[in-house]
Amino acid sequence: MAKQQLSAPIAEKKQHQLTHHQHTRCDNYYWMRDDNRQDPQIINHLKAENEYCSQVLAPQKELQDTLFNELKDRIVKDDSTVPVKDGSFWYHSEVKGDDEYASYYRATSFNGNNKQLLVDANELAKEHEYYELGEISISYDEQLMAYSEDLDGRRIYTIRFFDLANQSYFDDVLENTEGQLVWANDNKTCFYVKKDLKTLLGYQVFRHILGQPQSEDVLVYEEHDTSFYMGLGKSRDDSLIFIDLESTETSDCYALNANTPLEEFTQLVPREDKHEFDIDKLGDDYVITSNWQAVNFRVFKATAVTIGNKEQWQEIIAHRDNVLIEGIELFDTFNIVTEREQGQIRFVIHPHQGDAFTLEFSDPCFFASLGDNPEHNTNKVRIFYSSLTTPSSLYEFDIASGTKTQLKQEQVLGGFDANNYASERLFVTARDGIKVPVSLVYHKDKFKKDGTNPLFQYGYGAYGITIDPSFSGTALSLLDRGFVYAIAHIRGSEMLGRHWYEQGKKSNKQNTFNDFVDVTKALTDKGYGDKDKVFASGGSAGGLLMGAVVNQAPEQYRAIGCHVPFLDVLTTMLDESIPLTTNEYDEWGNPNGKDDYQTILAYSPYDNIKAQNYPHILVTTGFHDSQVQYWEPMKWVAKMREFKTDDNLLVFKTDMDSGHGGASGRFKSLKEKALEIAFFVSLLEN
C-alpha cells in the first residue's frame, strides 16, 4: 500500500489549563467535549475524519468487501437456539435469511407445538439506524410480557408491555430505565431501575402498577453512593425480588417478598467496605458466595434468621488459595459451582447427598459457562462450551447418569474444518518474574515456528474480566492468511484468581501494560511471530491498553486497532459529571488524591503522547457511547497527529448512530471487523 498523500484533518488548538495538586496540564483539545452532541464544529470535524478514513483506506475497499463477504458467508442464515423450558413453555429464538435481528418465540413443547411469536426485533428495528433489544420479561402467570429497547446505543432503555393472551399493547411506557424489569407474583406490579440522565447511573428503583402512568410510580429505593451499579433480580425459587448493588470492591443487597410487592425492601446483609458477595435463595436456604476472609471467595449457607449476621453463616465450600470460586447455581438435589484454577474453568457438582465430582473437558484451553437453566427441579444441566478450535457448543449433562449430550454446535460455513487448526496454552515470564498465561491458535499448514508468521495479539486486562479462549469465526480470516492469534491473559483479569486482578489495578496498573509488551517479546523470541509483523487490538479498557502500550513500546507493533478506547483517563477520572466516573475509583484510583493522580498521570495515554514514531493506528468509536465518551478518542487522535514523527497511517472512524457496543445487527457489525482485518492484512504487503 502506498503511503497516504491526503491531508489529515488538523484540529484547532484552544488552550485550556487543568490544575490539580499544584500540577498544570495544558489540554488544547478540551473543546471537543460536547455533552449535548450538537456542536457543529465537533460534528464537522468527526465527519472530516470519517471522510479522510474512507479516502485513505480506499485502496483496501476491495479487501474489506472480500472479508465482509467471507465473514458473512460463514454464518448460517437460518438458525435457531435450542428451546429451553421455563414454567409451562419452551423458549427459543430464530434468525432467517438476511435478517439483522432475531425473533423470539415460545411453544408448549420442545418440538415447537403451538409456537407463539413474542418479539420480532426486525420489525421493531426497521425504522431505526440503531436498535438493541434489551431484556424480555414474562410475568409470573405467563400471560404478560415486558421488553426493553435502546434506539441510539446510550444504554438508556424504554420498557413496553404486551398482553400475550389478547395480543395487544398496554398504554404503559417506562422511559429512561436500565432495561431490566422484574415482575412481582401478583402479575400487575413490577420494578425497574431509573437512570440519572447526566451520569447514566441507575440509582433509583421504582414500583410500577400496570395501567398507571409512569408519573405515578413509587420510588422504593434510592442509592446515594455513586460508586455503585444497581441491578434487579429474582431468587431461584421466585419468592424474593432483589436489588443488587455492586461497586468495584463492595456489595449490597435488598430483598422484598415477591408475593407482597407493596411492602418495603429490607437490607439482607449490613454494607461493609470491601465485602463482596452474591446471595441466592432456594426453599429455606440462602446461599452466599463471599470474599469474607477469603480472597478467592467461599460459599456459605444461612436462613432467614441468620442471613443478616455473617458470623452465623455456615460454611459449605471453603476458601482455597489456588482456586477462584466464580459462582454457584442452585438446584433441588445438588448445586453446581463454577471454579477457576490456573486459569482454567471447571464445574463441580455438589450433590446434597454424596461426594462432589467435576464435569470434564479435554481441550488444552477453552471457555465454558453455565447455560440457561431456569428450572431448579431437574437433574439436567446445560453448559455452553467453546475453544479456540471448537465452535460454540451447548451440552446437557445428566447429573444422575453422568452422561453428556451435545444439543447443538454452531455450524461454521465456508469449508471450516477444526482439524486444520491447533491451539496451545503457555506461560510467559514477565519482567518481574511473574508467569503470564497466553492462549494461541494457528492454522497447522500455514504456521512455522521460525519467526516468520504475522502475529495478532489481543488483550483487555481490567475490572477482573477474563478473556477466555473461545472460538471466533472472525479470527479464521486471520488464521487462514497465516496469522498466529494470541490472547494475552494479563494482570487486571481474574485468570489466575483474585490476586491476578489486584496486581493489575490502581497503583499496580503498570503491570497490565508490562505484561502485554512482555508477551509480545516472548512470542516473537520463541518463534511464534515475526517481530516486524506484530499487530495488536483492544477495545474500551483494552483500548486504554493499546494507548499505553504504543506510548511505552511503539517499536514492538506494526499496527494496532483501538476501539471505543478509554484514553483520557486522568481528565475523565477527575470529572464526576462524566458518566460512570465515580464507579471507577476502586479500579483506577481517585485522582483527587495526590498519589492516585500521579499513578494515573504516569500512564494515561492522552497525557503521555510524545514526539516519537508510532505504529499504524486504526481508531473507531460510537458517537453515542455511554461508557467511553466519543471525545476521548477524538482528542487522542488530534493530539497524536500533532506529535507523532512518522508517516504511518492514523485513521479515525466514528459511527454516528451507535454507542459502546458498535453497530447493531448480526451483519452490520461484521463491517467493523472486516475494516480492522483489512487494515492489518494490507500492511503486510509493504
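Here are three short exercises on this predicted model.

**Exercise 1. Place strand β20 among its partners.**
Which strands pair with β20, and how many bridges join each pair?

*Solution.*
Step 1. Find β20 at residues 285-290.
Step 2. Look at β19, residues 277-282. β19 and β20 are antiparallel and share 6 bridges. Within this pair, Asp278 faces Thr289 of β20.
Step 3. Turn to β21, residues 298-302. β21 is also antiparallel to β20, with 5 bridges. Here Val287 has Lys301 of β21 as its bridge partner.
Step 4. Inspect the link between β19 and β20. The two strands make a hairpin, with 2 residues between them. Gly283 sits in the turn and has a positive phi of about 65°.

**Exercise 2. Decide whether β20 is mostly covered or mostly uncovered.**

*Solution.*
Step 1. Apply the cut-off: a residue is buried under 20% relative accessible area.
Step 2. Count along the strand. In β20, 5 of the 6 residues are buried.
Step 3. Conclude: β20 is mostly covered.

**Exercise 3. Explore the largest nonpolar core.**
Which residues touch the most other members, and which helix gives the largest share?

*Solution.*
Step 1. Take the whole core, which has 75 residues.
Step 2. Pick out the residues that touch the most other members: Phe516, Leu523, Trp588 and Trp636.
Step 3. Find the main contributor. Helix α7, residues 541-552, supplies the largest share, with 7 residues.
Step 4. Zoom in on Leu523. Setting aside neighbours within four places in sequence, its contacts include Leu426, Val438, Tyr528 and Gly529.
Step 5. Look beyond this core. A separate core has 36 residues, including Ala475, Phe483, Leu670 and Ile677.

Key. Residues are numbered from 1 along each chain as its sequence is written. This is a predicted model: local features need pLDDT of at least 70, side-chain atom pairs count only at pLDDT 80 or more; totals for chains, interfaces and linings use all residues. Side-chain values use heavy atoms; hydrogens and water are left out. Buried means under 20% relative accessible area, exposed over 50%, partly exposed in between (1.4 Å probe, protein chains only). Helices (H or I, at least four residues) and strands (E, at least two) are DSSP runs, numbered from the N terminus. Two strands pair if DSSP finds at least two bridges between them. A nonpolar core is a set of buried Ala, Val, Leu, Ile, Met, Phe, Trp, Tyr and Cys residues joined through side-chain atoms within 4.5 Å. Contact means heavy atoms within 4.5 Å.
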